[in-house]
Amino acid sequence: MNNTLIEAELPAELAAQARAFVADGWATDFNDLLAEALRRFLESHEASLTESFIREDVAWGLRGRD
């Protein structure tokens, strides 16, 4: 697999929590943890899923409050 190096700033507490997960064995290293977190975020925000949520919100807005 080809990798791309990216640089990101994280809040110190978030980075500490991530490093603790790695230390506890939940991920092999920090890079793997970040890649898995990004993968899961992207999967859960697929365009079709996002579009369906938008359609539901619009339909709700057009009906008014129930």
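**Exercise 1. Work out which helix gives the second largest pocket most of its wall, and describe that pocket.**

Solution. Start with the biggest contributor: α1 supplies the largest share of the lining of the second largest pocket, 4 residues. Helices here are DSSP runs (H or I, at least four residues), numbered from the N terminus. Both α1 (12-23) and α2 (30-44) give at least two residues each to that lining.

Before going on, keep in mind that this is a predicted model: local features need pLDDT of at least 70, side-chain atom pairs count only at pLDDT 80 or more, and totals for chains, interfaces and linings use all residues. Residues are numbered from 1 along each chain as its sequence is written, and side-chain values use heavy atoms, with hydrogens and water left out.

Next, name the wall: Leu10, Leu14, Gln17, Ala18, Phe21, Leu33, Leu34 and Ala37. A pocket is an open set of points on a 1 Å grid over the protein atoms alone where a 1.4 Å probe fits, with protein on both sides within 12 Å along at least five of seven lines; lining residues have an atom within 4 Å of a point.

Then sort by class: 7 nonpolar, 1 polar and no charged. Last, the space in this pocket is about 160 Å³, a volume being the space filled by probe spheres set on the points.

**Exercise 2. Now do the largest pocket.**

Solution. Its space comes to about 690 Å³. There are 16 lining residues, and Thr4, Ile6, Asn31, Leu34 and Ala35 are the closest to its centre. By class, the lining holds 10 nonpolar, 4 polar and 2 charged residues.

**Exercise 3. Check the helix lengths, then look at the ends.**

Solution. The expected span is 1.5 Å times one less than the number of residues. For α1, 12 residues should span 16 Å, and the end C-alpha atoms are 16 Å apart, so the two agree. For α2, 15 residues reach 21 Å, close to the 21 Å expected. For α3 (residues 47-63), 17 residues reach 24 Å, close to the 24 Å expected.

At the ends, Gly25 just after α1 has a positive phi of about 90°, and Gly64, which follows α3, has a positive phi near 90°. Asp29 caps the N-terminal end of α2, with a side-chain oxygen 3.1 Å from the backbone nitrogen of Asn31.

**Exercise 4. Find what sits over the ring of Phe30.**

Solution. It's the charged end of Arg19, 4.2 Å from the ring centre. The test wants NZ of Lys or CZ of Arg within 6 Å of the ring centre and within 35 degrees of the ring normal.

Notes. Ala, Val, Leu, Ile, Met, Phe, Trp, Tyr, Cys and Pro count as nonpolar, Asp, Glu, Lys and Arg as charged, and the others, Gly among them, as polar. A polar contact is a pair of N or O atoms within 3.5 Å; within protein, one must be able to donate a hydrogen and the other to accept it, and residues adjacent in sequence count only if both atoms are side-chain atoms.
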